[in-house]
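This report covers a few local packing details. Have the sequence and structure open as you read.

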Amino acid sequence: ERPEPGSDAAGGGPEGVHPEREVAVKVYRINSSNFRQMRDYLEGDPRFEGIASDKKAVVLAWTRKEFANLERARTAGVRVPEPIAVQRNVLVMELVGHADDRARRLSEVDVENPETAYEVVREYMRRLYRAGLIHGDLSEYNMIIHDGELVIIDMGQAVTVHHPNAGEFLDRDCENVAAFFTRQGVDVDPDDLHAYATEPEPDPSGAPESGSSGSSESGPSDRSDE
């Protein structure tokens, strides 16, 4: 189903977006999308409880999920494509690079400063976790470089930290990232990366740590932002 002419998803553009701005349009085709894989990532996500089991409902929920994940990641200070509009199975977002000069995946380039790139990636993983998200498929194929800036992409499969498979997904992300940067000559241990990403955020009030008298345990946010 096509977006109505003049709507955000049809290219009319939300307020404040220049009509000549280049954008990326992602269309999830209901008949050809990977239905089973989508359900694995959607089931257990408290933001999408009660989604019908038919393929169309799952694909539409997945599209909204990617938009919500991009918004939450940007709010957390993670460089991802800016989400612009979502309508049914169509997602409009910032085009990183240009139509005739696309941004390159990390797997396609010689990383000039792998140590610095790794520091950026692990900080993004920590910020995502503190915002209540785990990418779920992070690797050199889901990170791009443009004008020296590292951008995380493919946020559709990102899950909340309370998803039943969140631990497994985070372990896999850490292993993939560690393996890639190890090949680049950086000494990376996946367990150390996991510990860094999940380190609790310091309490700015200076309250006692969990376990001390009068303290209360807190974890990453899992607010609803559908």
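Helix α5 spans residues 190-197, and L193, Y196 and A197 are buried in it. This is a predicted model. Viewed down the α5 axis, the buried residues fall within an arc of 95°, so they line one face of the helix. Those buried residues pack against α3 and α4. The face turned away from the buried side carries D191 and D192, which are exposed. The N-terminal end of α5 is capped by D189. A side-chain oxygen of D189 lies 2.8 Å from the backbone nitrogen of D191.

Next come the two helices that α5 packs against. Helix α3 covers residues 114-130, and helix α4 covers residues 166-183. They pack at an angle of about 170°, with axes 11 Å apart. That angle is over 145°, the cut-off for roughly antiparallel, so α3 is roughly antiparallel to α4. On the α3 side, the contact is made by P114, A117, Y118, V121, M125 and Y129. On the α4 side, L170, D173, C174, V177 and F181 make it. By class, ten of these residues are nonpolar, none is polar and one is charged.

Now the loop between β7 (133-134) and β8 (143-146), where H135 lies. E140 lies in the loop between β7 and β8 too. Is H135 buried or exposed? H135 counts as buried because its relative accessibility is 2%, and the cut-off for buried is under 20%. E140 is also buried, with a relative accessible area of 9%.

Both side chains have polar partners, listed here with the α5 cap.

| Side chain | Partner | Distance |
|---|---|---|
| H135 | backbone nitrogen of L138 | 3.2 Å |
| H135 | backbone oxygen of D154 | 3.2 Å |
| E140 | side chain of R183 | 2.9 Å |
| D189 | backbone nitrogen of D191 | 2.8 Å |

What else does H135 contact, leaving aside its neighbours within four places in sequence? The residues are L128, N142, I152, I153, D154, M155, Q157, A158 and D173. D173 is one of the α4 residues in the contact with α3. D154 also provides the backbone oxygen that lies 3.2 Å from a polar atom of the H135 side chain.

Not counting residues up to four places away in sequence, E140 touches R105, L106, S107, N176, F180 and R183. R183 is the residue whose side chain makes the polar contact with the side chain of E140.

Conventions
Residues are numbered from 1 along each chain as its sequence is written. This is a predicted model: local features need pLDDT of at least 70, side-chain atom pairs count only at pLDDT 80 or more; totals for chains, interfaces and linings use all residues. Side-chain values use heavy atoms; hydrogens and water are left out. Axes are lines fitted to C-alpha atoms, for helices over the stretch in contact, and angles run from 0 to 180 degrees between N-to-C directions. Helices (H or I, at least four residues) and strands (E, at least two) are DSSP runs, numbered from the N terminus. Angles under 35 degrees count as roughly parallel, over 145 as roughly antiparallel, 65 to 115 as roughly perpendicular and the rest as oblique. Contact means heavy atoms within 4.5 Å. Ala, Val, Leu, Ile, Met, Phe, Trp, Tyr, Cys and Pro count as nonpolar, Asp, Glu, Lys and Arg as charged, and the others, Gly among them, as polar. Buried means under 20% relative accessible area, exposed over 50%, partly exposed in between (1.4 Å probe, protein chains only). A polar contact is a pair of N or O atoms within 3.5 Å; within protein, one must be able to donate a hydrogen and the other to accept it, and residues adjacent in sequence count only if both atoms are side-chain atoms. The arc is that of the directions from the helix axis to the C-beta atoms.
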